[in-house]
Amino acid sequence: MSKGEATRQYIIEKAAPIFNTKGIAATAMSDIMEATKLSKGTLYVHFENKDLLASCAVDYNMEQLSNKLRIELSQFKTAREKLFGYLDFFVETTKPIVIGGCPMLNFGTEADDTNELIKLKVNNLINKSQKLLSDIIKQGITNGEFKADWNANEFATIMFAMLEGGILICRVAGDNSKMKVINDNLKKMITEQML
């Protein structure tokens, strides 16, 4: 990696938690300057404008979330264990996996009416997340863990929506109790589909 590429990556890594915590609109280049200790001119050498930096920060935050989830799920063998592991990965909403909280929720909420590019990025990760859940269920059906008539795509949508809704409720309330209710109920729904 060249010095320029290293500096660009450093800026993204420092900016990502700021954008995820404050939001794109509320984050100023002065916030990034303070975090990086770089001049405005240096920032603009690497990023033509705040929107470009924000886009890279969104990618970085979502990549961090995806990588941590992938590592977590890699330790499980069965489809049931993977689904339960997925649920447990998100259960502690008061201790965010990525600084600032769930980037899909944060950026998706902010960008749905204001930033088509960010909206598309978030939607892409939502679709990938639901596909991951659906694929785990389908593998479980193939392996004889789950009932053959379980609608994997439908449950993946329900599970994902309940988790994201739970994250929102708990983060706003500053209380994790409702996520535990969601977690327990989703585990019951999964267990009901086991052979």
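## Buried cysteines

Cys170 has 1% relative accessibility. Buried means under 20%, so Cys170 counts as buried. These values come from a predicted model.

Cys56 has 15% relative accessibility. That value also falls under the 20% cut-off, so Cys56 counts as buried.

## No disulfides

A disulfide is a covalent bond between the sulfur atoms of two cysteines. How many disulfides does the structure hold? The count is 0.

The distances fit this picture. For Cys56, the closest cysteine sulfur belongs to Cys102. The two sulfurs lie 20 Å apart, which is too far for a bond. Cys170 is in no disulfide either. Its nearest cysteine sulfur is that of Cys102, 13 Å away. A disulfide needs the two sulfur atoms within 2.5 Å.

## Helix α9: length

Helix α9 covers residues 177-192, which makes 16 residues. What span should it have? At 1.5 Å a residue, the expected value is 22 Å. The C-alpha atoms at its ends are 23 Å apart, so the model agrees with the expectation.

## Helix α9: two faces

Which residues of α9 are buried? They are Met179, Ile182, Asn183, Leu186, Lys187 and Ile190. Look down the helix axis: these buried residues fall within an arc of 130°. They therefore line one face of α9.

That buried set packs against two other helices. One is α5 (79-90), and the other is α8 (152-173). Now turn to the face pointing away from the buried side. Here α9 carries the exposed residues Lys188 and Glu192.

Technical notes:
Residues numbered from 1 in each chain as written. Predicted model: local features only at pLDDT ≥ 70, side-chain atom pairs only at ≥ 80, totals over all residues. Heavy atoms only, no water. Helix = DSSP H or I, 4+ residues; strand = E, 2+ residues; numbered from the N terminus. Expected span 1.5 Å × (residues − 1). Buried < 20%, exposed > 50% of the residue type's maximum accessible area, 1.4 Å probe, protein only. Arc of directions from axis to C-beta. Contact = heavy atoms within 4.5 Å.
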